[in-house]
Structure formats: structure tokens, C-alpha cells
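Work through the exercises below with the sequence and the structure at hand. Each task is followed by a solution in steps.

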Amino acid sequence: GFAHHDPFAPGADRELERAVRELGLKGYKILAPDLPGPIDDPALYPVWEAAERLCIPVLIHFGVLNGGGGIGQHVNINPLVLHDVAKAFPTVPFIVPHFGCGYPTELLQLCWTCENVYVDTSGNNEWTRWMIPALTLEDLFRRFRETVGPGRILFGTDSCHFPRGFVARYVDEQLRACRNVGFTEEEVAMVFGGNARRLLRLDGGWE
């Protein structure tokens with residue numbers, strides 16, 4: 001499990017410490033377009049310092065939030081806003097989900113310049129429908145593999161509460177896309193389990 005609370009809230013750094021040390025959580029999740037201020041605000045540095053001390057990954061959603069009718073513009077809509085934070089905390093693994101959720105080019109630029117930024121492939125990636133030119137899952141896996149390598153790509157289920165539960169279609173589609181663009185079986189094992197185990201410091205898990 002990941003901690004999930006407002007990093008701008010008073011004592012957010014102490015709450016993150018409690019979540020990891022007392023509750024046993026393994027990371028921190030933030031929805032950047034839902035925050036009251038920019039993700040690179042110096043006021044948040046105590047939170048990043050806590051993540052650094054705790055040796056945990058931080059997953060930050062950028063891009064459209066809540067689908068159609070949701071948030072489409074915000075100071076944190078573009079993942080490049082994370083650039084200075086990622087540079088200032090190079091030992092903190094920052095994970096950006098959904099291939100950047102409408103900002104794949106910007107995420108590739110961020111990953112290219114910040115070696116501690118990872119991409120998460122989670123969900124149906126419905127945002128690809130409005131990209132010009134059109135993008136496919138195969139395009140995304142190919143380009144991120146070429147740019148950052150398989151060691152910084154993580155499959156995410158994007159599954160949620162019951163009764164929906166685990167969405168098997170996502171893993172089936174993404175496994176097929178990886179293999180179609182030439183991922184080796186060793187690379188597939190990294191993307192679909194190994195990389196996450198390493199970042200989360202887990203001893204077990206599936207491949």
C-alpha cells in the first residue's frame with residue numbers, strides 16, 4: 001500500500017514518516033492536478049526529504065484527472081513541472097503513471113534528463129484517443145524502451161475496488177504490446193514485476 005495525503009497539509013512530512021514506519025506502507029501517491037499549488041513549491045521539500053530518508057518511491061499522477069468532464073488544465077498538468085524536484089532529490093524514485101496521461105513527449109523528456117524518473121503503464125490509457133498523430137500501446141512501449149530502457153518501465157494494473165477488481169484485459173493488452181515490439185522475456189519479467197519489487201524493496205512477488 002501507498003500513503004496518500006495532501007503534501008501541502010501541515011505536518012505532511014511527519015504523516016508520511018508515520019505511514020511508512022508505523023503502518024508499513026511502501027510508497028507515497030499524489031494526484032498532482034488535485035493539489036492547491038505547484039508540485040515544485042519549495043514548501044514541499046520536507047516531504048521529499050522524508051521520502052529520501054525513508055527510501056520509498058513517490059508516484060505522481062499528471063495529466064487529465066477524472067476523465068471526461070474532469071480536470072484538463074492545472075499548474076501541475078504537465079509532468080515536466082517535476083524536473084527541478086527530481087534533480088534536487090536524485091535518490092528518490094519518482095513514478096509517473098499512464099505514460100504521462102496525454103503528455104508522453106514531455107514525460108520522455110523528463111525521463112531522459114532525470115534518471116530517477118520512472119514510467120508506469122497503468123490503465124486503459126484512453127487519453128491516446130485524442131493524440132495527434134494517433135498513438136498505440138505499441139508506440140508507447142517501443143519509444144519508452146528505446147529512450148529509458150526496460151528497467152524504468154513498470155506495469156500498473158490500475159485496478160480498483162470490487163466488484164470490478166483486477167482488470168485482466170489491461171495486462172493481456174500490455175503483454176501483447178511488449179512482445180510485439182520486441183521486448184525479451186527477461187525484459188517482460190522486469191516490467192511486469194521485477195522493477196516494482198526492486199523499487200518497493202520486496203522479497204517476494206510474481207513475474
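**Exercise 1.** Classify R143 and E146 by accessibility, and state how their side chains meet.

Solution. Step 1: the classes are buried (under 20% relative accessible area), exposed (over 50%) and partly exposed (in between), with a 1.4 Å probe and protein chains only. Step 2: R143 has a relative accessible area of 48%, so it is partly exposed. Step 3: E146, with 56%, is exposed. Step 4: the two side chains form a salt bridge at 3.7 Å, N to O; the term stands for a side-chain nitrogen of Lys or Arg within 4 Å of a carboxyl oxygen of Asp or Glu. Step 5: both residues belong to helix 5, and because they are three residues apart, about one helical turn separates them.

The model is predicted: local features need pLDDT of at least 70, side-chain atom pairs count only at pLDDT 80 or more, and totals for chains, interfaces and linings use all residues. Residues are numbered from 1 along each chain as its sequence is written, and side-chain values use heavy atoms, with hydrogens and water left out.

**Exercise 2.** Find the partner of R142 in a salt bridge and describe the pair.

Solution. Step 1: the partner is D139, at 3.4 Å from N to O. Step 2: R142 and D139 lie three residues apart in helix 5 (residues 137-148), which means a separation of about one helical turn. Step 3: R142 has a relative accessible area of 33% and is therefore partly exposed. Step 4: D139 is partly exposed as well, at 28%.

**Exercise 3.** Describe the salt bridge between E15 and R18, then name the residues of the salt-bridge network that includes R53.

Solution. Step 1: the closest N and O atoms of E15 and R18 are 2.8 Å apart. Step 2: both residues sit in helix 1 (residues 12-21), three residues apart, about one turn of the helix. Step 3: E15 is partly exposed at 30% relative accessibility, and R18 is partly exposed at 34%. Step 4: R53 is linked with E17 and R21 in a network of salt bridges. Step 5: the whole structure contains nine salt bridges.

**Exercise 4.** Is H61 buried or exposed, and which residues does H61 contact?

Solution. Step 1: H61 is found in strand 3 (residues 58-61). Step 2: its relative accessible area is 7%, so H61 is buried. Step 3: contact means heavy atoms within 4.5 Å. Step 4: leaving aside neighbours within four places in sequence, the contacts of H61 are I30, L31, A32, P33, P97, H98 and C101.

**Exercise 5.** Give the order of helices and strands, and compare the radius of gyration with that of a compact globule.

Solution. Step 1: helices (H or I, at least four residues) and strands (E, at least two) are DSSP runs, numbered from the N terminus. Step 2: the protein has seven helices and six strands, in the order β-α-β-α-β-α-β-α-β-α-β-α-α. Step 3: the radius of gyration is taken over C-alpha atoms, and the globule rule is 2.2 Å times the number of residues to the power 0.38. Step 4: for 207 residues a compact globule would have a value near 17 Å, so the 16 Å of the protein agrees. Step 5: buried residues make up 48% of the 207 residues.
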